[in-house]
Amino acid sequence: GDFPTIFLVKEKTKDNILSAMKNGRMYACQAKYPQQIVLKEFSVYSSGSKNKATLGELITLKAHPNIRVSLSLKKPVANQVKVRLIRAGKLIKKFNGSLPMEIDFEDKYYQPGEKIYYRIDVNGHGLLVSNPIFVNFE
């Protein structure tokens with residue numbers, strides 16, 4: 001329909017969907033069916049490390065976080081979207097562009113001993129709201 005919740009699962013089974021829901025591996029959309037923004041990737045990682053976290057996950061970092069976002073549309077159009085990157089409830093960066101869109105952003109924020117989260121929302125061709133990615137700073 002026009003208000004789908006997208007679950008990040010490898011196979012569409014009841015157990016996998018319940019696990020994704022329990023662990024926050026999902027995002028919500030509002031769009032005019034069949035058009036829909038697709039969140040191909042939203043992850044947090046540290047430069048030089050192979051570890052990364054995605055929706056609902058926790059990562060421990062010893063350096064500035066890097067954020068990667070990859071978005072597309074089911075049916076490409078030329079209009080632009082607005083992407084807001086939010087850290088611990090506060091807007092830290094806006095990105096504008098057409099889809100598909102790739103964002104790589106290094107957040108200069110680093111506070112040892114603190115736990116924060118990142119999330120995104122996207123407006124244009126509907127709305128997309130992600131679940132958070134949690135970050136512990138060592």
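This is a short tour of the structure, stop by stop, with selections to make in your viewer. Keep in mind that you are looking at a predicted model.

**Stop 1: the four-stranded sheet**

Start by colouring strands 4, 3, 6 and 9. They form an open sheet in the order 4-3-6-9, and the pairing is antiparallel. Now look at the two ends of that order. Strand 4 (52-53) and strand 9 (101-106) are the edge strands, and each has a single partner, so one side of each has no neighbour in the sheet.

Next, select residues 37-45 and 66-73. These are strand 3 and strand 6, which run antiparallel and are joined by eight bridges. To find one of these bridges, pick Tyr 45: its partner in strand 6 is Asn 66. If you like to show hydrogen bonds, turn them on for the backbone, because strands of a sheet pair through backbone hydrogen bonds.

**Stop 2: strands 1, 2 and 11**

Move to residues 5-7 and 26-30. Strand 1 and strand 2 pair there in the antiparallel sense, over three bridges. Ile 6 is a good residue to click on, as its bridge partner in strand 2 is Tyr 27.

Keep strand 2 selected and add residues 127-130. That is strand 11, which runs antiparallel to strand 2 and is joined to it by four bridges. Here you can pick out Gln 30, whose bridge partner in strand 11 is Leu 127.

**Stop 3: the nonpolar core**

Which residues have the most contacts inside the largest nonpolar core? Show Leu 39, Phe 42 and Leu 71 as spheres: these are the ones, in a core of 30 residues. Several strands supply at least two residues each to this core, among them strand 5 (58-61), strand 7 (80-87), strand 10 and strand 12. As background, nonpolar side chains tend to be buried together in soluble globular proteins.

Centre the view on Leu 71 and show what surrounds it. Beyond its neighbours within four places in sequence, Leu 71 is in contact with Ile 37, Val 38, Leu 39, Val 83, Leu 99, Pro 100, Met 101 and Val 122.

**Stop 4: aromatic rings**

There are three aromatic pairs in the structure. Select Phe 95 and Phe 105 for one of them: the ring centres are 6.0 Å apart and the planes meet at 80°, so this pair is edge-to-face. Phe 95 belongs to strand 8 (residues 90-98) and Phe 105 to strand 9, 10 residues apart. Both of these residues are buried.

Then select Tyr 109 and Phe 137. Their ring centres are also 6.0 Å apart, but with the planes at 55° the pair is tilted. Tyr 109 lies in the loop between strand 9 and strand 10 (115-123), while Phe 137 is in strand 12 (residues 133-137), so the pair ties together parts that are 28 residues apart in sequence. Phe 137 is buried, at 4% relative accessibility. Add Tyr 110 to the selection, and you have a cluster of Tyr 109, Tyr 110 and Phe 137 linked by ring pairs.

**Stop 5: charges over rings**

Stay with Tyr 109 and add Arg 87. The charged end of Arg 87 sits over the Tyr 109 ring, 4.1 Å from its centre. For another such arrangement, show Lys 115 with Phe 134: the charged end of Lys 115 sits over that ring, 5.7 Å from its centre.

**Stop 6: Asp 121**

Finish in strand 10, where you will find Asp 121. Is Asp 121 buried or exposed? With a relative accessible area of 10%, Asp 121 is buried. Leaving out residues up to four places away in sequence, Asp 121 touches Lys 82, Val 83, Arg 84, Ile 86, Leu 128 and Val 129.

Terms used: Residues are numbered from 1 along each chain as its sequence is written. This is a predicted model: local features need pLDDT of at least 70, side-chain atom pairs count only at pLDDT 80 or more; totals for chains, interfaces and linings use all residues. Side-chain values use heavy atoms; hydrogens and water are left out. Two strands pair if DSSP finds at least two bridges between them. Rings of Phe, Tyr and Trp (its six-membered ring) pair if their centres lie within 6.5 Å; planes under 30 degrees apart count as stacked, over 60 as edge-to-face and the rest as tilted. Buried means under 20% relative accessible area, exposed over 50%, partly exposed in between (1.4 Å probe, protein chains only). A charge sits over a ring if NZ of Lys or CZ of Arg is within 6 Å of the ring centre and within 35 degrees of the ring normal. A nonpolar core is a set of buried Ala, Val, Leu, Ile, Met, Phe, Trp, Tyr and Cys residues joined through side-chain atoms within 4.5 Å. Contact means heavy atoms within 4.5 Å.
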